[in-house]
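Hi,

Here is the structure I said I would pass on. Have a look at it first, and my notes follow below.

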Amino acid sequence: LPALGAGRVDLVIDDRDEGSPPAPSPTIATRLLRREPYFVVASAALAHGLRTRRDLAAQRWIDGPDGSACGAALRRLATRMRFEPQVAHVCLEFPSIISLVRAGEGIAIVPAPALTDATAVETCPITGLGMRDLYLLQRTTARGTSPAVDAVVDALLAIQGRPATSARS
């Protein structure tokens, strides 16, 4: 994001916890790309036994770093269910998180796409976890946006089944 603000890059895909859109900026056009549900994942041996606040509080957690969408989701869940997560690991990359879960190192909150190759882990029956939002952030200038970057944005929106528009907000 600092590189985008400084004009060193033209487009960033940023993930945010639901309800936390990027701050408005006169030099950055922001579009919601997609929303993805979160899931609590655990090793197959643990997954079905995790239902209550007490169950979740007794587990070791794989947290996201400060400022990460999944980290914010864990803090929201912990606040809602009134427990303090016992953080065993902090990790940002989903394949690494899934590997740690698979190895029994803890449980984690991940968005749906992280489950694509998640063998030997299962989702837990915890509801109300919220959504991860992916935003397209595009640099703008007094002349508007770059036509080449506009084409990339339109292609990304088309892949998601969202209409392309020339007016970005």
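Let me begin with a polar side chain: Gln-59 counts as buried, because its relative accessibility is 15% and the cut-off for buried is under 20%. Bear in mind that this is a predicted model. Gln-59 sits in the loop between α2 (53-57) and β3. Leaving aside residues up to four places away in sequence, Gln-59 touches Leu-46, Leu-50, Gln-86 and Ile-107.

Next, the strands on either side of α3. β3 (residues 60-63) and β4 (residues 86-90) pair in the parallel sense, over four bridges. Within that pairing, Trp-61 stands opposite Val-87 in β4. To get from β3 to β4 the chain passes through α3, and this β-α-β crossover is right-handed.

The loop between α3 and β4 has something for you to check: Arg-82 is found there. Its phi is near 55 degrees, a positive value in a residue other than glycine. Arg-82 is exposed, because its relative accessible area is 66% and exposed means over 50%. A second positive phi in a residue other than glycine belongs to Ala-120, near 65 degrees. Ala-120 is in the loop between β5 and β6 (121-123).

Now the packing. In general, nonpolar side chains in soluble globular proteins tend to be buried together. Here the largest nonpolar core has 20 residues, and Val-40, Leu-56, Trp-61, Leu-77 and Ile-109 touch the most other members. Two or more residues each come from β2 (28-43), α3 (69-81) and β5 (107-111), and α3 gives the largest share, seven residues.

Which residues does Ile-109 touch, not counting those up to four places away in sequence? They are Tyr-38, Phe-39, Val-40, Trp-61, Cys-70, Ala-73, Leu-74, Leu-77 and Leu-129. Apart from the largest core lies another one, of 11 residues, and among them are Ile-97, Ile-98, Val-110 and Val-121.

Since you will probably ask about empty space, I looked at that too. How many cavities of 30 Å³ or more turn up in a search of the whole structure? The search finds one. The largest cavity holds about 50 Å³ of space. Its lining is made up of Trp-61, Ile-62, Asp-63, Gly-64, Cys-70, Gly-71, Leu-74, Cys-91, Ile-97, Ala-108 and Ile-109. At least two of the lining residues are supplied by each of β3, α3 and β5. So some names come back: Trp-61 and Ile-109, which are among the core members that touch the most others, also line this cavity.

As for pockets, about 170 Å³ of space lies in the largest one. Its lining has 14 residues, and those nearest its centre are Asp-15, Ser-68, Leu-92, Phe-94 and Arg-132. β1 (11-17), α3 and α4 (94-102) each supply at least two residues of that lining.

One last item, from α4: Pro-95 has its place in this helix. Is Pro-95 buried or exposed? It is exposed, because its relative accessible area is 59% and the cut-off for exposed is over 50%. Pro-95 and Leu-115 are 20 residues apart in sequence, and their C-alpha atoms are 9.2 Å apart in space.

Cheers

Technical notes
Residues are numbered from 1 along each chain as its sequence is written. This is a predicted model: local features need pLDDT of at least 70, side-chain atom pairs count only at pLDDT 80 or more; totals for chains, interfaces and linings use all residues. Side-chain values use heavy atoms; hydrogens and water are left out. A nonpolar core is a set of buried Ala, Val, Leu, Ile, Met, Phe, Trp, Tyr and Cys residues joined through side-chain atoms within 4.5 Å. Buried means under 20% relative accessible area, exposed over 50%, partly exposed in between (1.4 Å probe, protein chains only). Contact means heavy atoms within 4.5 Å. Two strands pair if DSSP finds at least two bridges between them. A crossover is right-handed if, with the strands pointing away from the viewer, the path from the first strand over the helix to the second runs clockwise. On a 1 Å grid over the protein atoms alone, a cavity is a set of points where a 1.4 Å probe fits but cannot get out, and a pocket is an open set with protein on both sides within 12 Å along at least five of seven lines; lining residues have an atom within 4 Å of a point. Grid points are joined across faces, edges and corners, and a volume is the space filled by probe spheres set on the points.
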